[in-house]
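The report below describes selected helices, a buried charged residue and some backbone angles, and it is meant to be read beside the sequence and the coordinates.

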Amino acid sequence: MAAPVLRWGCSGTCSALAWVYGVSRHRRGAPTGSTSNWIRGQSSLAQQPLHTARKPRKGEHEWAAVVGLEIHAQISSNSKLFSGSQVCFAAPPNSLVSFFDASLPGTLPVLNRRCVEAAVMTGLALNCHINKKSLFDRKHYFYADLPAGYQITQQRLPIAVNGSLTYGICVGKTRRQVTARTVRVKQIQLEQDSGKSLHDDLRSQTLVDLNRAGIGLLELVLEPDLSCGEEAATAVRELQLILQALGTSQANMAEGQLRVDANVSVHHPGEPLGVRTEVKNLNSIRFLAKAIDYEIQRQIKELEDGGEILNETRSFDYKLGCTVPMRDKEGKQDYRFMPEPNLPPLLLYDATSLPAGADSQQVINIDQIRERLPELPSVTRERLVQQYGMLPEHSFTLLNEVGLLEFFQNVIKETRAEPKKVTSWVLNTFLGYLKQQNLAVRESPVTASALAELLDLLDSKAISSSAAKQVFEELWKNEGKTPAQIVSEKKLELMQDQEALEQLCHSVMQGHPQVVMDVKKGNPRAINKLIGLVRKATLSRADPAVIKATLEKQLSCHGSCPPA
């Protein structure tokens, strides 16, 4: 069968295994109590930490948690998966809806080439096998924001299968060691997004916006290889970075471009897996970790109290910090899958199978897409470690904070300071201020150029390290001023007059004879007292190393040599 016509659409806390222990299992029975008591119980449970890695007492049983993820990523494309409607976030409601999006009779889908290429590129980046033949199916379910009553997806034969996602997680007492973990990618499939229901509580009505209906989605199904919220959150963040590096999705969770469903179950090691629940539509990495850890706790408590886990769909209430029931979980039979009659099989080729004389506009070459793969986050981290000599955990922080790597590289380009010093200032001082003010990198009042100029002043010994911190604080408060202007206004330059410094050192030693005696008696810390006094007298404008050398020189003269 011929390949379908393609349209162009341009791109626009846990241990290694989360062991949780509880008392022996009791008889099963449904929990009792009022709804208000249940909500209070859920809320209080949300405050309890996840217990990990302790030896079970006699008579206790071990618990292990299993987590699998289904991730929906909106494809970066100017138009939708099967129609020419524009894709634009926050457009006026129902302003970007074609006849096909509204499911008017007689309309037919036309596949967007850009979305297919994005799926292939994502599959290659995640080490997947790309199926040269894939199929589209109808998945039936009723929602007010799904006009056709079904979703076009790929259930039987998706575009990519059997991949892997490697991510790094911090371990050890100091959480500074990074170890690699891998989660298997079961499949990647193309499907269309639904519309959006807008709930008007004031008028007690629900309105439907179909702007989102038909936008291309990548559904990535991860095998249940995860064991806690931290692992899941770290894996999703790594996937987010990969999608953004590829340009296949902006993956902005705040705008709904990346949504996660988590399947969670608990069981005793050596026994079959427990009944799983699905926590639906998690749109924040932080909430993802909290929801999973809470659900693990909830299921263990339920089982230990003699209850049973229902195969249901739940949502996460971020205000209460707990999951709440939504509905029973549908099975495959509920969706009544059937082949999509209006779309023939999707056929892809590589260099060896490409038909002679094929129209490049209608054929997708897997090998050509492989050649266009950009540098992936794992490779970027290795390059940063090798090029700048930074620690692996520092490379993770640079990539994980949005915009921080670009800021760091811009500082590197404009300063003479050593990369290690730049790394320290960016990750400690700069990022610390951002976190304290809850700001994104793009919102920082300190530019990369300003920080580079400040580091140049420090590198040339024009100012001391303490003065540099004062300058940075002023830069944060006063936009528009340069570091040099602040240094001049605040008189923060290092003292260059050695004779004046020697006079100050001599005066301090004469004024503190007891401290001088302590130094002579062999107390090495006593000299720090003298250094501090001299620095205070110079308003921190003298280099501590120069002060120490000057003091040691005068002390060798028994504190009686007059200054030169």
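Helices (H or I, at least four residues) and strands (E, at least two) are DSSP runs, numbered from the N terminus. This is a predicted model, in which local features need pLDDT of at least 70 and side-chain atom pairs count only at pLDDT 80 or more, while totals for chains, interfaces and linings use all residues. Residues are numbered from 1 along each chain as its sequence is written, and side-chain values use heavy atoms, with hydrogens and water left out.

Helix α4 (residues 285-304) has 20 residues that should span 28 Å at 1.5 Å a residue, the expected span being 1.5 Å times one less than the number of residues; its end C-alpha atoms are 29 Å apart, which agrees. Of the 20 residues of α4, 16 are buried, so that the helix is mostly covered, where buried means under 20% relative accessible area, exposed over 50% and partly exposed in between (1.4 Å probe, protein chains only). At the N-terminal end, serine 284 caps α4 with a side-chain oxygen 3.2 Å from the backbone nitrogen of arginine 286. After α4 comes glycine 306, with a positive phi near 90°.

Helix α10 (residues 419-437) should span 27 Å with its 19 residues, in agreement with the 26 Å between its end C-alpha atoms. A kink of about 35° is centred on leucine 431 of α10, the bend at a residue being the angle between axes fitted to the seven residues ending there and the seven starting there. The buried residues of α10, among them Trp425, Phe430 and Leu434, pack against α8 (392-400), α9 (404-414), α11 (448-459) and α12 (465-477). Threonine 423, in α10, counts as buried at 5% relative accessibility and touches Met390, His394, Phe408 and Asn428, not counting residues up to four places away in sequence; contact means heavy atoms within 4.5 Å.

Glutamate 219 is placed in strand β13 (residues 216-226). Although buried, glutamate 219 has no salt bridge, and lysine 139, the nearest side chain of opposite charge, is 5.5 Å away; a salt bridge requires a side-chain nitrogen of Lys or Arg within 4 Å of a carboxyl oxygen of Asp or Glu. The residues that glutamate 219 touches include Glu70, His72 and Gln187.

Two loop residues other than glycine have positive phi values, as tabulated here.

| Residue | Phi | Loop | Relative accessible area |
|---|---|---|---|
| Asparagine 94 | about 55° | between β3 (61-74) and β4 (111-112) | 41%, partly exposed |
| Serine 204 | near 55° | between β11 (196-200) and β12 (205-209) | 67%, exposed |

Notes. Lys and Arg count as positive and Asp and Glu as negative; His and the chain ends are not counted. A polar contact is a pair of N or O atoms within 3.5 Å; within protein, one must be able to donate a hydrogen and the other to accept it, and residues adjacent in sequence count only if both atoms are side-chain atoms.
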